[in-house]
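These exercises go through one protein structure step by step. Try each task on the structure before reading the solution.

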Amino acid sequence: MNTRRLILSAVCLISLNFSGRGQNAFETYFEKKSLRVDFALSGNAEYQAAALLHIREEPLWGGPVCNLIDTFSYGGYYINVYDRATQALLYSRGFNTLFEEWRSTEQAGKETQSWTNSMSIPYPKREVTFELTGRSREDMRFYPLMKIDIDPSSIFIDRGKLHDNNVVRIQYAGDPSSKADLVFLGDGYTAAEQDKFLDDARSFAESLFNTPPFDARRNDFNVWAVELVSEESGTDVSGKGIFKHTALNSGFYTFGLDRYLTVPDIRPVRDAVWNVPCDAVFILVNTDMYGGGGMYNFYAIGTTGNERTKSIFAHEFGHSFAGLADEYFSSEVAYDEDFYHTGLEPWEPNITTLVDFGSKWQDLLPDGTPVPTPTEGYDGKTGVFEGGGYKAKGIYRPQDHCMMRDYAPFCPACSRAILRMIDFLSDKQSQQ
Ligand SMILES: [Zn+2]
């Protein structure tokens, strides 16, 4: 046994079933490669269904090797991977999708659509059962949407290479399995603009590591930049008739909102990270327009030329990296007013309906804090302030101002959620 493995054994617990942690479990069941599963989610406001699209073998696994079971319970979806023979749970991970957001739009009340999605798991050594579950809005529980058995030696698994883009190390702190690997992808950068992309990626990485609480945890991150060449500079602005031929086909006017910038098809995003360790994707779009987006464990996206762009970056990364909800409640959004049901506890760690406040930041409240907390006299204090999650009534936020409301510093509840996610992805046992 070499020194490195001794160190890993010392920091990882062996019992997988009890804690979901264990280097031994990883070595028994997985190889350090990825199995990527692409699937379609189809439906409308009333129902959804899933179908398998494609399975690929990819050469790296940069995710945790100890923290195999995701205990956060964040997101609208979970994948669960079971050993086929024993049905023991080997791996799980929650995530959100753009499709889930679309289901809350007015359009989803009138028509049915199909959206692409993709998740990667460590490459299994033996047959596994891959289960996709979706969260019900009626009771917030997860129910099966798709269950397939996967034989890792199957001829139906695509083992081909994809385009060999130039991958640049922006920051390397250590073994990808014990670091959170942040990957920058550029959209709307032509071949002549690749140096600008790398400058933008370095600049955004610096701004992230100057933002608390990320500043204290810089050494828990590796940062990579994948050079993607677009035919044209810029991005789609469909509401103004502007369409650019770009690597990821990003665009504004998602769900009809002028500022909502997304990449609707996830597959070119996953194709771009096939040969780089990847725990989190941030897409930099080469335009000076204002806008962005971020979905938990899906991707975050922002523009590089706007003066407010660095704040947008931290806000959107809060969504995609740590599952944080918007704490604002007065701006225009495309979702219907039932995006959050005030009779149920939302899954995000930084908003509450008080249905199950004990599961949120109750332990962070100073003694004697009134619930709900008035804004007057409690400026800069942790409390339970009414308004958040697009609703002025019935949903509460942890501090009057926060990055997730108005680009103020992250509040204590958001900061703790970020630190817990850094611990999870860098394979530590959380002390937060
Ligand atoms: Zn917050």
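**Exercise 1. Say where Ser92 lies, decide whether Ser92 is buried or exposed, and list what Ser92 touches.**

Solution. The model is a predicted one.
Step 1: Ser92 belongs to strand β4.
Step 2: Count the C-beta neighbours inside 10 Å. Ser92 has 20 of them, and a residue is buried at 20 or more, so Ser92 counts as buried.
Step 3: Leave out residues up to four places away in sequence. Ser92 then touches Ile69, Asp70, Tyr78, Ile79, Asn80 and Val81.
Step 4: Take a partner from further along the chain. Asp149 is 57 residues from Ser92 in sequence, and their C-alpha atoms are 15 Å apart in space.

**Exercise 2. Repeat the analysis for Phe95.**

Solution.
Step 1: Phe95 is also found in strand β4.
Step 2: Within 10 Å of Phe95 there are 21 other C-beta atoms, so Phe95 is buried.
Step 3: Residues up to four places away in sequence are again not counted. The residues touched by Phe95 are Gly75, Tyr77, Met119, Tyr296, Asn297 and Phe298.
Step 4: Ile242 is 147 residues from Phe95 along the chain, and 31 Å separate their C-alpha atoms.

**Exercise 3. Find the domains and describe the side of domain 1 that touches domain 2.**

Solution.
Step 1: The domain assignment gives domain 1 as 3-159 and domain 2 as 166-322.
Step 2: The centres of domain 1 and domain 2, taken over C-alpha atoms, are 23 Å apart.
Step 3: Domain 1 puts 22 residues into the contact, and domain 2 puts in 19 residues.
Step 4: On the domain 1 side, the elements giving two or more residues are β1 (30-43), β4 (89-95), α4 (98-102) and β5 (113-124).
Step 5: Sorted by type, the residues on this side of domain 1 are eight nonpolar, 10 polar and four charged.

**Exercise 4. Locate the largest nonpolar core relative to the two domains.**

Solution.
Step 1: The largest nonpolar core has 106 residues, and Val183, Leu185, Val281, Ile283 and Cys414 have the most contacts inside it.
Step 2: Helix α9 gives the most to this core, with eight residues.
Step 3: Both domain 1 (3-159) and domain 2 (166-322) give residues to the core, so the core lies between them.
Step 4: Look at Ile283. Leaving aside neighbours within four places in sequence, Ile283 is in contact with Leu185, Asp187, Leu248, Ser250, Val263, Tyr299 and Ile301.

**Exercise 5. Check the length of helix α7 and say what covers its buried residues.**

Solution.
Step 1: Helix α7 runs over residues 309-322, which is 14 residues. At 1.5 Å a residue, the span of α7 should be 20 Å; the end C-alpha atoms are 19 Å apart, which agrees.
Step 2: Of the 14 residues of α7, 12 are buried, among them Thr309, Ile312, Phe313 and Ala322.
Step 3: The cover over these buried residues includes α5 (194-209), β11 (280-285), β12 (292-295), β13 (299-303), α8 (403-406) and α9 (412-425).
Step 4: Just after α7 comes Gly323, with a positive phi of about 70°.

**Exercise 6. Test the whole protein against the rule for a compact globule.**

Solution.
Step 1: The protein has nine helices and 15 strands.
Step 2: For 432 residues, a compact globule would have a radius of gyration near 22 Å; the protein has 21 Å, which agrees.
Step 3: Along its principal axes, the C-alpha trace spans about 60 × 50 × 45 Å.
Step 4: Of the 432 residues, 47% count as buried.

Key:
Residues numbered from 1 in each chain as written. Predicted model: local features only at pLDDT ≥ 70, side-chain atom pairs only at ≥ 80, totals over all residues. Helix = DSSP H or I, 4+ residues; strand = E, 2+ residues; numbered from the N terminus. Expected span 1.5 Å × (residues − 1). Contact = placed C-beta atoms within 7 Å. Core = buried A, V, L, I, M, F, W, Y, C linked by C-beta atoms within 7 Å. Domains from an automatic or database assignment. Nonpolar A, V, L, I, M, F, W, Y, C, P; charged D, E, K, R; others polar. Rg over C-alpha atoms; globule rule 2.2 N^0.38 Å.
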